[in-house]
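Notebook open, structure loaded. I wanted a few quick look-ups before doing anything else.

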Amino acid sequence: MRRLIVSILKNDYFRNKGTLFWNFIFPIVLYLILVSIFGGMPSSMNLRIGIVGDSKILKSVFDNLPSGIKVIEIEEPEKALKYGRVDACIIIPENFDSLFSQALFLSKTKVRVPVRITVAYAAERQESIALANIISSILESLDLQIRKLKEVKVEYKKKERENINYSHFVFPAILLVGIMSVGLFTVPYQLVLYKEQGILKRLLASPLSKYGYLVVLIVCGLFAMTMTSTGIMVLARVVYGVSRLSLNFFGGVLFSFLTFLSISFLMVSLFKSFSALGAASQVFNQIFMFMGGFYFDVSNVPWPLKAFVLGNPATYLVDYLRGNLGYKMIYSNHLLVPVIWIAVSLILFLFRWRQVMVVE
(Lines give C-alpha, C1' and ligand atoms only; values in the text may rest on other atoms or scores of the structure.)
Protein backbone atom coordinates (compact mmCIF):
# COMPACT_ATOMS: atom_id res chain seq x y z
CA MET A 1 0.00 0.00 0.00
CA ARG A 2 2.84 2.37 0.81
CA ARG A 3 4.42 1.76 -2.60
CA LEU A 4 1.11 2.46 -4.30
CA ILE A 5 0.73 5.75 -2.41
CA VAL A 6 4.24 6.83 -3.41
CA SER A 7 3.61 5.78 -7.02
CA ILE A 8 0.31 7.70 -7.28
CA LEU A 9 1.80 10.83 -5.71
CA LYS A 10 4.82 10.67 -7.99
CA ASN A 11 3.02 9.93 -11.25
CA ASP A 12 -0.41 11.50 -10.81
CA TYR A 13 0.36 14.48 -8.60
CA PHE A 14 3.93 15.62 -9.24
CA ARG A 15 4.78 14.40 -12.74
CA ASN A 16 1.44 15.38 -14.24
CA LYS A 17 1.98 19.00 -15.26
CA GLY A 18 -1.72 19.89 -15.23
CA THR A 19 -2.28 18.49 -11.75
CA LEU A 20 0.94 20.05 -10.48
CA PHE A 21 -0.12 23.47 -11.76
CA TRP A 22 -3.74 23.50 -10.57
CA ASN A 23 -3.04 21.94 -7.18
CA PHE A 24 0.19 23.61 -6.13
CA ILE A 25 1.06 26.55 -8.39
CA PHE A 26 -2.29 28.09 -9.36
CA PRO A 27 -3.45 28.98 -5.79
CA ILE A 28 -0.16 30.77 -5.10
CA VAL A 29 -0.26 32.62 -8.44
CA LEU A 30 -3.90 33.59 -7.79
CA TYR A 31 -2.97 34.87 -4.34
CA LEU A 32 -0.17 37.03 -5.74
CA ILE A 33 -2.37 38.40 -8.55
CA LEU A 34 -5.32 39.28 -6.29
CA VAL A 35 -3.17 41.03 -3.71
CA SER A 36 -1.21 42.93 -6.38
CA ILE A 37 -4.46 44.18 -7.96
CA PHE A 38 -6.64 44.81 -4.92
CA GLY A 39 -4.16 44.96 -2.05
CA GLY A 40 -3.35 48.63 -2.56
CA MET A 41 -6.95 49.73 -2.77
CA PRO A 42 -8.45 51.35 0.32
CA SER A 43 -10.97 49.25 2.19
CA SER A 44 -14.58 50.07 1.52
CA MET A 45 -16.20 52.57 3.87
CA ASN A 46 -18.25 50.94 6.59
CA LEU A 47 -19.60 53.63 8.92
CA ARG A 48 -22.75 53.67 11.03
CA ILE A 49 -24.81 56.57 12.36
CA GLY A 50 -27.04 55.88 15.34
CA ILE A 51 -30.27 57.85 15.78
CA VAL A 52 -31.90 58.20 19.19
CA GLY A 53 -35.50 59.38 18.78
CA ASP A 54 -37.98 59.48 15.95
CA SER A 55 -38.10 61.88 13.02
CA LYS A 56 -39.43 61.28 9.54
CA ILE A 57 -37.73 64.46 8.34
CA LEU A 58 -34.24 63.45 9.44
CA LYS A 59 -34.68 59.93 8.15
CA SER A 60 -35.52 61.30 4.71
CA VAL A 61 -32.45 63.55 4.87
CA PHE A 62 -30.08 60.70 5.76
CA ASP A 63 -31.57 58.30 3.24
CA ASN A 64 -29.41 59.91 0.57
CA LEU A 65 -26.05 59.32 2.23
CA PRO A 66 -23.25 57.75 0.17
CA SER A 67 -23.01 53.96 0.10
CA GLY A 68 -20.99 52.69 3.03
CA ILE A 69 -22.72 54.92 5.59
CA LYS A 70 -25.65 53.23 7.28
CA VAL A 71 -28.22 54.74 9.64
CA ILE A 72 -29.62 52.58 12.45
CA GLU A 73 -31.94 53.26 15.39
CA ILE A 74 -30.42 52.86 18.86
CA GLU A 75 -31.43 53.52 22.46
CA GLU A 76 -28.18 53.89 24.40
CA PRO A 77 -25.76 56.12 22.47
CA GLU A 78 -22.84 55.90 24.90
CA LYS A 79 -22.89 52.09 24.94
CA ALA A 80 -23.24 51.97 21.16
CA LEU A 81 -20.19 54.22 20.78
CA LYS A 82 -18.24 52.35 23.44
CA TYR A 83 -18.61 48.95 21.83
CA GLY A 84 -18.17 50.15 18.26
CA ARG A 85 -21.75 49.50 17.11
CA VAL A 86 -21.90 53.03 15.69
CA ASP A 87 -19.36 55.72 14.83
CA ALA A 88 -21.49 58.74 15.72
CA CYS A 89 -24.95 59.36 17.24
CA ILE A 90 -27.70 61.88 16.61
CA ILE A 91 -29.86 62.51 19.68
CA ILE A 92 -33.17 64.04 18.60
CA PRO A 93 -35.46 65.96 20.98
CA GLU A 94 -39.09 64.91 21.34
CA ASN A 95 -41.51 66.32 18.75
CA PHE A 96 -38.59 67.21 16.48
CA ASP A 97 -40.66 67.29 13.30
CA SER A 98 -43.10 69.76 14.86
CA LEU A 99 -40.26 71.92 16.20
CA PHE A 100 -38.53 71.79 12.82
CA SER A 101 -41.66 72.91 10.95
CA GLN A 102 -42.18 75.76 13.43
CA ALA A 103 -38.57 76.89 13.18
CA LEU A 104 -38.67 76.69 9.39
CA PHE A 105 -41.78 78.88 9.30
CA LEU A 106 -40.32 81.44 11.73
CA SER A 107 -37.02 81.53 9.86
CA LYS A 108 -38.77 83.67 7.24
CA THR A 109 -39.29 86.31 9.92
CA LYS A 110 -36.84 87.91 12.30
CA VAL A 111 -37.69 85.41 15.00
CA ARG A 112 -35.13 82.64 15.40
CA VAL A 113 -36.08 79.51 17.29
CA PRO A 114 -33.13 77.16 17.73
CA VAL A 115 -33.68 73.43 17.37
CA ARG A 116 -31.01 71.72 19.40
CA ILE A 117 -29.77 68.33 18.29
CA THR A 118 -26.92 66.54 20.01
CA VAL A 119 -24.32 64.88 17.83
CA ALA A 120 -22.31 62.48 19.99
CA TYR A 121 -18.99 61.05 18.93
CA ALA A 122 -15.97 59.25 20.38
CA ALA A 123 -12.95 61.55 20.43
CA GLU A 124 -10.60 58.55 20.53
CA ARG A 125 -11.59 57.45 17.02
CA GLN A 126 -10.70 59.52 13.99
CA GLU A 127 -13.52 58.07 11.89
CA SER A 128 -15.99 59.09 14.63
CA ILE A 129 -14.74 62.70 14.63
CA ALA A 130 -14.90 62.90 10.84
CA LEU A 131 -18.42 61.44 10.72
CA ALA A 132 -19.62 63.85 13.43
CA ASN A 133 -18.38 66.79 11.36
CA ILE A 134 -20.18 65.45 8.29
CA ILE A 135 -23.41 65.08 10.26
CA SER A 136 -23.07 68.61 11.67
CA SER A 137 -22.58 70.04 8.19
CA ILE A 138 -25.68 68.24 6.92
CA LEU A 139 -27.78 69.42 9.86
CA GLU A 140 -26.57 73.02 9.59
CA SER A 141 -27.48 73.02 5.92
CA LEU A 142 -31.10 72.76 7.04
CA ASP A 143 -30.75 76.44 8.03
CA LEU A 144 -31.40 75.75 11.69
CA GLN A 145 -29.37 76.66 14.76
CA ILE A 146 -27.87 73.28 15.44
CA ARG A 147 -24.76 73.86 17.44
CA LYS A 148 -24.54 71.19 20.11
CA LEU A 149 -21.67 68.81 19.39
CA LYS A 150 -21.05 66.44 22.28
CA GLU A 151 -17.77 64.70 22.85
CA VAL A 152 -18.49 61.40 24.57
CA LYS A 153 -15.66 60.01 26.64
CA VAL A 154 -15.86 56.30 26.01
CA GLU A 155 -13.49 53.40 26.19
CA TYR A 156 -11.82 53.11 22.82
CA LYS A 157 -12.75 49.93 21.02
CA LYS A 158 -11.62 49.49 17.45
CA LYS A 159 -14.35 48.33 15.13
CA GLU A 160 -13.81 44.86 13.79
CA ARG A 161 -12.83 44.86 10.12
CA GLU A 162 -12.39 48.63 10.23
CA ASN A 163 -9.17 48.42 8.22
CA ILE A 164 -9.06 45.38 5.99
CA ASN A 165 -5.65 44.08 5.04
CA TYR A 166 -6.62 42.47 1.76
CA SER A 167 -3.70 40.04 1.73
CA HIS A 168 -4.89 38.72 5.12
CA PHE A 169 -8.58 38.88 4.25
CA VAL A 170 -8.27 36.83 1.03
CA PHE A 171 -5.80 34.34 2.55
CA PRO A 172 -8.47 31.86 3.83
CA ALA A 173 -10.22 31.98 0.45
CA ILE A 174 -6.99 31.06 -1.36
CA LEU A 175 -6.47 28.19 1.09
CA LEU A 176 -9.91 26.84 0.22
CA VAL A 177 -9.24 27.29 -3.51
CA GLY A 178 -6.24 24.99 -3.15
CA ILE A 179 -8.19 22.49 -1.06
CA MET A 180 -11.08 22.45 -3.55
CA SER A 181 -8.67 21.97 -6.43
CA VAL A 182 -7.66 18.66 -4.90
CA GLY A 183 -11.04 17.67 -3.46
CA LEU A 184 -13.28 18.57 -6.40
CA PHE A 185 -10.93 17.68 -9.26
CA THR A 186 -7.86 15.54 -8.57
CA VAL A 187 -9.32 12.95 -6.17
CA PRO A 188 -12.56 12.18 -8.06
CA TYR A 189 -10.81 12.41 -11.44
CA GLN A 190 -8.27 9.83 -10.36
CA LEU A 191 -10.92 7.30 -9.33
CA VAL A 192 -13.02 7.71 -12.47
CA LEU A 193 -10.04 7.71 -14.82
CA TYR A 194 -8.58 4.62 -13.18
CA LYS A 195 -11.91 2.89 -13.77
CA GLU A 196 -12.24 3.99 -17.40
CA GLN A 197 -8.62 3.11 -18.23
CA GLY A 198 -8.81 -0.30 -16.55
CA ILE A 199 -6.10 0.54 -14.02
CA LEU A 200 -8.44 0.01 -11.08
CA LYS A 201 -9.33 -3.46 -12.36
CA ARG A 202 -5.67 -4.46 -12.37
CA LEU A 203 -5.12 -2.97 -8.90
CA LEU A 204 -8.07 -4.86 -7.43
CA ALA A 205 -6.82 -8.08 -9.02
CA SER A 206 -3.83 -7.78 -6.68
CA PRO A 207 -4.05 -8.38 -2.92
CA LEU A 208 -5.22 -4.76 -2.59
CA SER A 209 -8.91 -4.60 -1.59
CA LYS A 210 -11.45 -1.95 -2.56
CA TYR A 211 -11.24 -0.53 0.96
CA GLY A 212 -7.46 -0.50 0.71
CA TYR A 213 -7.64 1.50 -2.51
CA LEU A 214 -10.05 3.92 -0.83
CA VAL A 215 -7.53 4.45 1.98
CA VAL A 216 -4.82 5.08 -0.63
CA LEU A 217 -7.06 7.61 -2.36
CA ILE A 218 -7.74 9.44 0.93
CA VAL A 219 -4.08 9.48 1.99
CA CYS A 220 -2.97 10.85 -1.40
CA GLY A 221 -5.68 13.53 -1.31
CA LEU A 222 -4.84 14.61 2.23
CA PHE A 223 -1.14 14.71 1.40
CA ALA A 224 -1.77 16.90 -1.65
CA MET A 225 -4.09 19.18 0.31
CA THR A 226 -1.47 19.51 3.05
CA MET A 227 1.23 20.37 0.53
CA THR A 228 -0.79 23.08 -1.24
CA SER A 229 -1.99 24.56 2.08
CA THR A 230 1.54 24.62 3.45
CA GLY A 231 2.81 26.45 0.38
CA ILE A 232 0.08 29.10 0.67
CA MET A 233 0.65 29.51 4.41
CA VAL A 234 4.39 29.95 3.97
CA LEU A 235 3.81 32.61 1.29
CA ALA A 236 1.25 34.40 3.48
CA ARG A 237 3.58 34.31 6.48
CA VAL A 238 6.80 35.34 4.76
CA VAL A 239 5.53 37.83 2.17
CA TYR A 240 2.37 39.27 3.72
CA GLY A 241 3.02 38.82 7.44
CA VAL A 242 0.00 36.66 8.27
CA SER A 243 0.83 35.45 11.76
CA ARG A 244 -2.41 34.77 13.66
CA LEU A 245 -2.53 31.05 12.86
CA SER A 246 -4.02 29.45 15.97
CA LEU A 247 -4.90 25.83 16.68
CA ASN A 248 -8.53 26.69 15.88
CA PHE A 249 -7.42 27.98 12.49
CA PHE A 250 -5.54 24.76 11.71
CA GLY A 251 -8.55 22.81 12.94
CA GLY A 252 -10.71 24.75 10.48
CA VAL A 253 -8.29 23.93 7.65
CA LEU A 254 -8.39 20.22 8.53
CA PHE A 255 -12.18 20.31 8.74
CA SER A 256 -12.22 21.92 5.27
CA PHE A 257 -10.05 19.03 4.02
CA LEU A 258 -12.61 16.53 5.27
CA THR A 259 -15.56 18.48 3.88
CA PHE A 260 -14.32 18.70 0.30
CA LEU A 261 -12.87 15.20 0.38
CA SER A 262 -16.35 13.94 1.32
CA ILE A 263 -17.88 16.00 -1.48
CA SER A 264 -15.46 14.34 -3.92
CA PHE A 265 -16.97 10.97 -2.91
CA LEU A 266 -20.46 12.44 -3.44
CA MET A 267 -19.47 13.46 -6.96
CA VAL A 268 -18.16 10.04 -7.97
CA SER A 269 -21.38 8.55 -6.57
CA LEU A 270 -23.51 10.74 -8.83
CA PHE A 271 -21.39 10.96 -11.99
CA LYS A 272 -19.82 7.81 -13.46
CA SER A 273 -18.27 9.11 -16.67
CA PHE A 274 -15.27 11.42 -16.75
CA SER A 275 -17.00 13.99 -19.00
CA ALA A 276 -20.02 14.28 -16.69
CA LEU A 277 -17.76 14.45 -13.65
CA GLY A 278 -15.67 17.20 -15.24
CA ALA A 279 -18.72 19.36 -15.90
CA ALA A 280 -20.08 18.78 -12.39
CA SER A 281 -16.72 19.64 -10.82
CA GLN A 282 -16.68 23.00 -12.56
CA VAL A 283 -20.25 23.79 -11.47
CA PHE A 284 -19.57 22.83 -7.85
CA ASN A 285 -16.31 24.79 -7.85
CA GLN A 286 -17.85 28.00 -9.23
CA ILE A 287 -20.85 27.89 -6.89
CA PHE A 288 -18.69 27.21 -3.85
CA MET A 289 -16.33 30.08 -4.69
CA PHE A 290 -18.63 32.83 -5.86
CA MET A 291 -21.60 31.99 -3.63
CA GLY A 292 -19.29 31.38 -0.68
CA GLY A 293 -18.05 34.95 -0.27
CA PHE A 294 -14.46 34.19 -1.22
CA TYR A 295 -13.81 37.52 -2.94
CA PHE A 296 -16.82 39.73 -2.10
CA ASP A 297 -19.64 39.92 0.44
CA VAL A 298 -22.66 37.78 -0.47
CA SER A 299 -24.56 38.09 2.81
CA ASN A 300 -27.11 40.52 1.32
CA VAL A 301 -27.85 38.87 -2.03
CA PRO A 302 -31.57 38.44 -2.84
CA TRP A 303 -33.49 35.20 -2.92
CA PRO A 304 -33.20 32.67 -4.54
CA LEU A 305 -29.41 33.31 -4.67
CA LYS A 306 -29.49 33.47 -0.88
CA ALA A 307 -30.27 29.75 -0.81
CA PHE A 308 -26.98 29.02 -2.61
CA VAL A 309 -25.15 31.11 -0.01
CA LEU A 310 -26.76 29.62 3.10
CA GLY A 311 -26.59 26.04 1.82
CA ASN A 312 -22.97 26.41 0.73
CA PRO A 313 -20.38 24.73 3.01
CA ALA A 314 -17.65 27.06 1.71
CA THR A 315 -19.61 30.05 3.07
CA TYR A 316 -19.17 28.86 6.64
CA LEU A 317 -15.65 27.50 6.22
CA VAL A 318 -14.16 30.73 4.86
CA ASP A 319 -16.12 32.80 7.40
CA TYR A 320 -14.78 30.66 10.27
CA LEU A 321 -11.18 30.90 9.05
CA ARG A 322 -11.48 34.69 8.70
CA GLY A 323 -12.95 34.88 12.19
CA ASN A 324 -9.83 33.18 13.52
CA LEU A 325 -7.73 35.87 11.83
CA GLY A 326 -9.59 38.58 13.77
CA TYR A 327 -12.32 39.54 11.30
CA LYS A 328 -15.95 39.71 12.34
CA MET A 329 -17.85 36.50 11.57
CA ILE A 330 -20.99 37.07 9.50
CA TYR A 331 -22.59 33.67 10.12
CA SER A 332 -23.13 31.34 13.07
CA ASN A 333 -23.28 27.53 13.40
CA HIS A 334 -20.19 27.09 11.25
CA LEU A 335 -20.20 23.31 11.71
CA LEU A 336 -23.83 22.56 10.88
CA VAL A 337 -23.94 22.96 7.09
CA PRO A 338 -20.50 21.39 6.37
CA VAL A 339 -21.36 18.44 8.66
CA ILE A 340 -24.62 17.93 6.76
CA TRP A 341 -22.67 17.88 3.48
CA ILE A 342 -20.16 15.40 4.93
CA ALA A 343 -22.90 13.13 6.28
CA VAL A 344 -25.00 13.15 3.09
CA SER A 345 -21.91 12.65 0.91
CA LEU A 346 -20.59 9.69 2.87
CA ILE A 347 -24.02 8.05 3.27
CA LEU A 348 -24.71 8.25 -0.46
CA PHE A 349 -21.19 7.06 -1.25
CA LEU A 350 -21.56 4.03 1.03
CA PHE A 351 -25.05 3.35 -0.30
CA ARG A 352 -23.69 3.32 -3.87
CA TRP A 353 -20.41 1.66 -2.89
CA ARG A 354 -20.80 -1.33 -5.22
CA GLN A 355 -21.77 0.84 -8.22
CA VAL A 356 -18.87 3.23 -7.60
CA MET A 357 -16.21 0.58 -7.17
CA VAL A 358 -17.50 -1.96 -9.70
CA VAL A 359 -15.04 -2.74 -12.47
CA GLU A 360 -16.62 -4.08 -15.65
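Checked C220: at 0% relative accessibility it counts as buried, where buried means under 20% relative accessible area with a 1.4 Å probe, protein chains only. C89 is buried as well, with a relative accessible area of 0%. I then searched the whole structure for disulfides (pairs of cysteine sulfur atoms within 2.5 Å) and got zero.

Note to self: this is a predicted model, where local features need pLDDT of at least 70, side-chain atom pairs count only at pLDDT 80 or more, and totals for chains, interfaces and linings use all residues. Residues are numbered from 1 along each chain as its sequence is written, and side-chain values use heavy atoms, leaving out hydrogens and water.

Next, helix α12, residues 274-290 (helices are DSSP runs of H or I, at least four residues, numbered from the N terminus). At 1.5 Å times one less than its number of residues, its 17 residues should span 24 Å, and the end C-alpha atoms are 24 Å apart, which agrees. I listed buried residues in α12: L277, G278, A280, S281, F284, N285, F288 and M289. They cover an arc of only 170° around the axis, so they sit on the same side of α12; the arc is taken from the directions from the helix axis to the C-beta atoms. Their cover includes α8 (171-196), α11 (247-270), α14 (313-323) and α15 (336-351), with contact meaning heavy atoms within 4.5 Å.

Which element gives the largest share of the lining of the second largest pocket? I found α8, with eight residues.

Technical notes
Buried means under 20% relative accessible area, exposed over 50%, partly exposed in between (1.4 Å probe, protein chains only). Helices (H or I, at least four residues) and strands (E, at least two) are DSSP runs, numbered from the N terminus.
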